[in-house]
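Grab a coffee and open the viewer. Below are some short exercises, each with a solution worked out step by step.

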Amino acid sequence: MVETGRDVASMLHVDMDSFFVSVELLDFPELRGRPVVAAHDTPRSVVSAASYEARRYGVRSAMPVARAKQLCPELILIPPTFEKYRRASREVMAIFHEFTPLVEPLSIDEAFLDVAGSLKLFGSPSEIARAIRARVRERTQLPASVGLAATKFVAKLASQRAKPDGILEIPPARTVEFLHTLPIEAMWGVGQATARTLKSRAIHTVAELAREPLPSLTRLVGAASAQRLHALANGRDARVVETTRVEKSIGHEETFARDIVDSEFLERELLRLATRTGERLRDADLEARTIAIKVRWESFETISRSRTLHEATNSTQRIYQTARELFLGLGAAGRPVRLIGVRAEQLAPAGSDPAGLWSDDEDWRAVDQAVDEVRGRFGAAGVTSASLLAGRRDVVDPRSLQPPT
């Protein structure tokens, strides 16, 4: 039984097809039908998106460009233009809102839509799905695939199987039948490690996952994952469309054009990333209880480290100090670094943490406020840390705003 309270497949998942490449092909129509990727042509670049012609060669998003060229020597690279993609995304999302106010964007190129309240205006869910695709195509010339189901999980699965440029509806009565034909890798939250664990118990399909006793599944993957996977495998997904999304984390990372061993350079990069993270937290009026770093070595081995603070913060200096301590704690001085990142996690509205009433960061908050005011007046380029100046004299040095020690 599908426990959703829906007797029609009124949950839609709309996914734009090869979005970045499709947007680029509007400017380069002569490249249609050829293997194209959105990527910078540099040794350290990765593929942002691949056309379906490129995918036939095994080229995928997030793949290193060097590997993509090995798989497809005829590959055509178009440097990505993210402002162009954001502009197209806003236009597409606006079209979704013309059919229902219940739109939950998942990323720049996909969203859930609940059209249960729109049936009297626009017809059946399948008619609405066709109308959305037609309107998107008419106004933007971009292709989209749509999955229709009674639940979010199944609608997303359906849209993936509708690609490219198609529609797939899974009637509520056939939800379990549809799910049970799939491999366990199709389940949300089942990555390679979890798949290996499940297969060690001869659980290879969603049907086998659904039949596994919950106590046994709990021993394999833990209580929280077991409950979620067991419910989804049996067609139970009570989640609704959330029109207001609360970010779970905020952060930035940088992949270097060459491996970096200079510890001073890496610490300056941590400061730059911490500064951007702190600015985004304050702009969103959020604070973080946990600060994390991500480091990828020259061998492609990637590690993460995090620390939960005794009080939530959005202070650039606190974020940087914590990130720097985590990095130094790796004890890897002189080891070449390929990528480094800083992330703020466990977010909550600013001021909601009682521990923050007597905050050690109070003086630094005054600095951040002054810096943010300058940034608001003169733009992001108008202010930066002295250690990031690199000879520039057209910026305000926030160290001139330091609180007394």
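## Warm-up: two phenylalanines

Phe265 is partly exposed, with a relative accessible area of 31%. Keep in mind as you go that this is a predicted model.

**Exercise 1.** Work out how the rings of Phe256 and Phe265 are arranged as an aromatic pair, and whether Phe256 is buried or exposed.

*Solution.* Start with the general idea: a ring pair is described by the distance of the centres and the angle of the planes. For Phe256 and Phe265, the centres are 5.8 Å apart and the planes make 70°. Edge-to-face calls for an angle over 60 degrees, so this pair is edge-to-face. Next, the cover: Phe256 has 7% relative accessibility, and buried means under 20%, so Phe256 counts as buried.

**Exercise 2.** Find out which parts of the chain are linked by the pair of Phe20 and Phe82.

*Solution.* The structure holds 7 aromatic pairs. One of them is Phe20 with Phe82, edge-to-face at 5.6 Å centre to centre, with 85° between the planes. Now place the two residues: Phe20 sits in helix α1 and Phe82 in helix α4 (residues 82–97), so the pair links distant parts of the chain, 62 residues apart. Then check the surface: Phe20 is buried at 13% relative accessibility, while Phe82 is partly exposed at 37%. Last, look around the pair: Phe19, Phe20, Phe82 and Tyr85 make up one aromatic cluster.

## Sheets

**Exercise 3.** Take the open sheet of 3 strands and say which strands stand at its edges.

*Solution.* Write down the order, which is β3-β2-β4, with mixed pairing. Reading from the ends, β3 (49–50) and β4 (76–78) each have a single partner strand, so one side of each has no neighbour in the sheet. Next, the pairing of β2 (residues 36–38) with β4: it is parallel, over 3 bridges. To find that spot in the viewer, go to Ala38, whose bridge partner in β4 is Ile78. Finally, add the helix: α1 (residues 19–27) packs on this sheet and touches β2, β3 and β4, with its direction at about 105° to that of β2.

**Exercise 4.** Do the same for the open sheet of 5 strands: which strands stand at the edges, and how do β1 and β7 run?

*Solution.* The order is β5-β6-β1-β7-β8, and the pairing is mixed. The edge strands are β5 (103–107) and β8; each has a single partner strand, so one side of each is left without a neighbour in the sheet. On average, neighbouring strands here are turned by 15° against each other, direction ignored. As for β1 (residues 11–16) and β7, they run antiparallel and are joined by 6 bridges. One place to look is Met16, whose bridge partner in β7 is Ala144. To finish, α7 lies across β1, β5, β6 (110–114), β7 and β8, at about 140° to β7.

## Backbone spots worth a click

**Exercise 5.** Locate the cis peptide bond that joins Lys163 to its partner, and place that partner in the chain.

*Solution.* The bond joins Lys163 and Pro164, with omega at about -5°. Pro164 is in the loop between α7 (152–162) and β8 (167–169).

**Exercise 6.** What is the sign of phi for Gln141, and for Ala202?

*Solution.* Gln141 has phi near 65°, a positive value in a residue other than glycine. Its place is the loop between α6 (125–140) and β7 (144–149), and at 43% relative accessible area Gln141 is partly exposed. Ala202 also has a positive phi, near 65°; look for Ala202 in the loop between α9 (192–199) and α10 (206–211).

## Side chains

**Exercise 7.** Which residues does Arg139 contact, leaving aside its neighbours within four places in sequence?

*Solution.* Arg139 belongs to helix α6 and is partly exposed, at 41% relative accessibility. Its contacts are Glu91, Ile95 and Glu98. For Glu91, go back to the backbone: the C-alpha atoms of Arg139 and Glu91 are separated by 8.5 Å, with their places 48 residues apart along the chain.

**Exercise 8.** Find the ring that lies under the charged end of Arg55.

*Solution.* The ring belongs to Tyr52, and the charged end of Arg55 sits over it, 4.3 Å from the ring centre.

Note on methods: Residues are numbered from 1 along each chain as its sequence is written. This is a predicted model: local features need pLDDT of at least 70, side-chain atom pairs count only at pLDDT 80 or more; totals for chains, interfaces and linings use all residues. Side-chain values use heavy atoms; hydrogens and water are left out. Two strands pair if DSSP finds at least two bridges between them. Helices (H or I, at least four residues) and strands (E, at least two) are DSSP runs, numbered from the N terminus. Contact means heavy atoms within 4.5 Å. Axes are lines fitted to C-alpha atoms, for helices over the stretch in contact, and angles run from 0 to 180 degrees between N-to-C directions. Rings of Phe, Tyr and Trp (its six-membered ring) pair if their centres lie within 6.5 Å; planes under 30 degrees apart count as stacked, over 60 as edge-to-face and the rest as tilted. Buried means under 20% relative accessible area, exposed over 50%, partly exposed in between (1.4 Å probe, protein chains only). A charge sits over a ring if NZ of Lys or CZ of Arg is within 6 Å of the ring centre and within 35 degrees of the ring normal.
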